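Please examine the sequence and the structure shown below. The paragraphs that follow lead through them step by step.

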Protein chains: 2
Amino acid sequence: MKLEKAAAQLEALGNPTRLQLYRILVRAGDDGLAVGSVQGKLDIPSSTLSHHLKRLVDTGLVTQERQATTLICRANYPGMNALIGYLADECCADATCAPAVGKALA
Amino acid sequence: MKLEKAAAQLEALGNPTRLQLYRILVRAGDDGLAVGSVQGKLDIPSSTLSHHLKRLVDTGLVTQERQATTLICRANYPGMNALIGYLADECCADATCAPAVGKALA
DNA sequence: ACTCAATTTCGAAAATTATGGAAATAGTGT
DNA sequence: ACACTATTTCCATAATTTTCGAAATTGAGT
């Protein structure tokens, strides 16, 4: 993973609304969630939500799939895993940070 | 870790210059690096660097320690580990993403 | 073609961030 | 106190991000 891409993903997650949005999608699991359903949970105008969602999609952290008129959104786990891997690599490049990663695994 | 704090840390890392800066500090290891040395590696004005550095310190990703006139900066591994743990927890809350975390461990 | 529902794009205002030169500060030695 | 170096703060400007109402679009059904 290139630094530029990692930075873009980190920036995408580095906004409380978007991080919350991402959390909601993670918790929705493989079924995903329609944009409208997410809007109900976040209670923000649809155009604002659409912009945030686009950011997450553009950076590869969320995928979308059409089902009739609704758009199903899903957290893109491989994308997140790549990011976590990048951070862990950066972090572990010189020091031992296995404990925390181990905790995440458990 | 609270969502707000995680978002602040992610935002701090979500800027190419700051991510690069953090990388440099990680690679410097436990000895840390003086602000001036970092400046030499990044080649940006000192005031700009100081602003970015402050962001990383404020969010708990970097620590500083005075040594005579120079300020030694160090990557704060526990801070990063907590962030990685948070992301992993969010990610793993509903799906299995052990493979990537395992990879980070290896 | 028309209508309805879901979602995005447009356009514009407010807020925040990024950048860096110049001045101020802090620390050490003389 | 003075000089010197390292770093930060002050200040302003440019750029980007956030926000959201209104209009446009997309897709399905009639």
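**From the core to the DNA**

In this predicted model, the largest nonpolar core holds 62 residues, and those that touch the most other members are Leu13(A), Leu25(A), Leu13(B) and Leu25(B). Leu25(A) illustrates how such a residue is surrounded. When its neighbours within four places in sequence are left aside, Leu25(A) is in contact with Leu33(A), Val38(A), Leu53(A), Val62(A), Cys73(A) and Ala75(A).

Two of the strands of chain A deserve attention next. Strand S2 of chain A covers residues 62-67, and S2(A) and S3(A) run antiparallel, joined by six bridges. One of the pairs can be traced by name: Thr63(A) has Arg74(A) in S3(A) as its bridge partner. The two strands form a hairpin with two residues between them.

The turn of this hairpin contains a point of interest in the backbone. Most residues other than glycine have a negative phi. Ala68(A), however, has a positive phi of about 60 degrees although it is not a glycine. Ala68(A) lies in the loop between S2 and S3 of chain A. Is Ala68(A) buried or exposed? Its relative accessible area is 71%, and a residue counts as exposed over 50%, so Ala68(A) is exposed. Chain B offers a counterpart for study: Ala68(B) has a positive phi near 60 degrees and is found in the loop between strand S2 (62-67) and strand S3 (70-75) of chain B. Ala68(B) counts as exposed because its relative accessibility is 70%.

Helix H5 of chain A spans residues 77-92 and includes Tyr77(A). Tyr77(A) counts as buried because its relative accessibility is 12%, with the limit for buried residues set at under 20%. The side chain of Tyr77(A) reaches the backbone oxygen of Val26(A) at 3.4 Å. Tyr77(A) and Asp30(A) are 47 residues apart in sequence, while their C-alpha atoms are 9.9 Å apart in space.

The path now turns to the DNA. Which residues are closest to DNA strand C? Of the 23 residues that surround the strand, the closest are Gly36(A), Leu71(A), Ser47(B), His52(B) and Arg55(B). The residues of this surface divide into five nonpolar, 14 polar and four charged. At least two residues each are supplied by helix H3 (35-42), helix H4 (46-58) and strand S3 (70-75) of chain A, and by helix H4 (46-58) of chain B. H4(B) gives the most, with five residues.

Which parts of the DNA face the protein can also be stated. Of the atoms of DNA strand C within 4 Å of the protein, 60% belong to sugar or phosphate, and the rest belong to bases. Ser47(B) approaches a base: an N or O atom in its side chain is 2.9 Å from a base nitrogen of DNA strand C. His51(B) has a polar side-chain atom 3.0 Å from a base oxygen of the strand. For His52(B), the partner is a phosphate oxygen of DNA strand C, which lies 2.6 Å from a polar side-chain atom of this residue.

His52(B) also has partners within the protein. This residue is placed in helix H4 of chain B, and it counts as buried because its relative accessible area is 14%. The side chains of His52(B) and Arg18(B) make a polar contact at 3.1 Å. Apart from neighbours within four places in sequence, His52(B) is in contact with Asn15(B), Thr17(B), Arg18(B) and Leu21(B).

Technical notes:
Residues numbered from 1 in each chain as written. Chains lettered and ligands numbered in written order. Predicted model: local features only at pLDDT ≥ 70, side-chain atom pairs only at ≥ 80, totals over all residues. Heavy atoms only, no water. Near = heavy atom within 4 Å. Polar contact = N/O pair within 3.5 Å; in protein donor to acceptor, adjacent residues only side chain to side chain. Helix = DSSP H or I, 4+ residues; strand = E, 2+ residues; numbered from the N terminus. Nonpolar A, V, L, I, M, F, W, Y, C, P; charged D, E, K, R; others polar. Buried < 20%, exposed > 50% of the residue type's maximum accessible area, 1.4 Å probe, protein only. Core = buried A, V, L, I, M, F, W, Y, C linked by side-chain atoms within 4.5 Å. Contact = heavy atoms within 4.5 Å. Pairing = 2+ DSSP bridges.
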